[in-house]
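Dear colleague,

I am handing over the structure we spoke about, and I would be glad if you could look through it alongside the notes underneath.

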Amino acid sequence: MTPVESDHMIIWGWTGLSHDASLSVFSKADNLKLLWSAHSERYTRVKNDAELNYTILQEALQWGDPQRIYYYENPWWKKTRQLYAGQYNQLPSISPTKHMRNFYTDAPRSQYTSHHLSHAAAGYYTAPFNNTAVLVIDSIGEWNTTSIWSGRDNKLKRKWSQNYPHSIGIWYSAMTQRIGLKPQEHEYILMGMAAVGDPDRLYADIKKDFIEKTPVSYAPETIFKRDCHRGCLDWRPDLNTPQDYADIAAATQRIYEEIFVELCRSAYFMTDGKYDSITLAGGCALNCVANPLAELLFKNVHVPANPGDAGSAIGCVLAHWKKFMLMDHAYLGHEIKGDYPVEEILRELHTRKITAVASGRAEYGPRALGNRSILADPRGADVKDLVNTIKHRESFRPFAPVILAEHASEYFEGMTGDFMQYVSVCKDPEQFPAVIHYDNSSRVQTVQPNSKHGIRKLLERWYEDTGCPMLLNTSLNIKGEPLVNTREDAERWTKQYGVQVCLPE
Ligand SMILES: [Fe+2]
């Protein structure tokens, strides 16, 4: 039976069955309103969990039963690519509708949106401008690996796309695996390692061995010499020291940046030079070191809070409904109710320099933005070690600052954003060694003056007390686990690390 459409109709979008399942709930009321969005992993505590689960569905159902459900890719089209790629073990997979009905028997049938359209829509319909070039770069969905779109007057038009097996994302993941990291998860660590390596030493070797052709304006294809889908662990076994790994990372990142700039140039030409804005989407849009380079071609750059596959739970719905929905925050998930514990956090910061918070709705996207965060005083030489001791993570990896937006340009040069999408350069690195990388760069999160969220209030009070408008902000998680989600997770974190997580009363 076809459900009756009403203004209060509930619409779902979801991703999963490959990696990082997520679910979004919209209401048709108020010109399509996003009510809630969350990642499956936060409920099962399994990093990048590919499957839905009973708990996430029960939380989504608090908004009412959905009448429409959209899924972020076309599984049948994907199977043709998997057949071509020889991934025979993946062919008998369960259909998206059947998978959801394992946890919610009355779920309507899931309708499909193509993978790159879901990415493009997640970027375009959440952008602060109506007309923009859109560049999508990821590993692989169905067949597309890179695509360029024109977003104009509420419509997305595909201008160009490239197909598997030539994939910039797959190559970057293969290099991630080559240096001993986990592909499809640790690409951000390769990006961080790049700053400590020598980009010149292996640049020519990597280019010669992997890349046949890089993009030029009207011919944006990147042609690879080898299919990296099954990795490249056999490449140059002589390179196996920590310095070799750092140099591979540095050269890989440099080559990615070169390709990225040329793709931006292509996006400019293929949209006839009529846009001064570009929207970046797909998992590669998490490359916050490369993203600011888009400014070489475009005046404005937009990267959504969650540009990877999980963010397509929003994109697959927006692609069908073609509605603009400015997303000025990413606090969309599970709620720990009550007032943001500003005073308790300040007390801890003043006495111990470091504390943690779990309050309000969890962040949708890979980054903690103040609701599930470890927070610390960014001044002084000892803070980085203090936080690293708790997080047990690689010493080369930097922590990020969160700053009152109106003060960002006093301390940082270059692009900053509300979702940590760009790196900029710290003007006073000696004063803030905990939030800068080896090259004095910082991945800055700004908090706008009109923000009604707790982190804004906290920064304002911290600034009043200390004259410093920023804090160190890093994700609140137990090593190897997803971000803390619930009050119970936060209490478990406190027990494990001995640092009190500030919770609402
Ligand atoms: Fe993707």
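The notes below take up the metal site, then a pocket, then a helix.

Please keep in mind that this is a predicted model. The iron ion is coordinated by four residues, namely His-115 and His-119, each through NE2, together with Asp-138 and Asp-309, each through OD, at 2.1 to 2.2 Å. Along the chain these donors follow the spacing H-x3-H-x18-D-x170-D. The pair of His-119 and Asp-309 links distant parts of the chain, 190 residues apart, since His-119 sits in helix α5 (residues 115-124), whereas Asp-309 belongs to the loop between β12 (300-302) and α10 (312-321). Both His-119 and Asp-309 are buried.

As for the geometry, the angles subtended by the four donor atoms around the iron ion run from 85 to 176°, and the arrangement is therefore irregular; a tetrahedral assignment would need all angles to lie between 85 and 135 degrees.

The second largest pocket holds about 390 Å³ of space. Its lining comprises 20 residues, and those nearest its centre are Pro-128, Val-301, His-302, Gln-421 and Tyr-422. By residue class, the lining of this pocket divides into 10 nonpolar, six polar and four charged residues.

Finally, helix α9 (residues 242-270) has 29 residues and should span 42 Å at 1.5 Å a residue, which agrees with the 41 Å that separates its end C-alpha atoms. After α9 comes Asp-272, which has a positive phi, near 60°.

With kind regards

Terms used
Residues numbered from 1 in each chain as written. Predicted model: local features only at pLDDT ≥ 70, side-chain atom pairs only at ≥ 80, totals over all residues. Heavy atoms only, no water. Donors = N, O, S within 2.8 Å, 3.2 Å for Na, K, Ca; no water. Tetrahedral: all angles 85-135°; square planar, octahedral: opposite > 155°, others 65-115°. Helix = DSSP H or I, 4+ residues; strand = E, 2+ residues; numbered from the N terminus. Buried < 20%, exposed > 50% of the residue type's maximum accessible area, 1.4 Å probe, protein only. 1 Å grid on protein atoms, 1.4 Å probe; cavity = no way out; pocket = protein on both sides within 12 Å on 5 of 7 lines; lining within 4 Å. Points joined across faces, edges and corners; volume = space filled by probe spheres on them. Nonpolar A, V, L, I, M, F, W, Y, C, P; charged D, E, K, R; others polar. Expected span 1.5 Å × (residues − 1).
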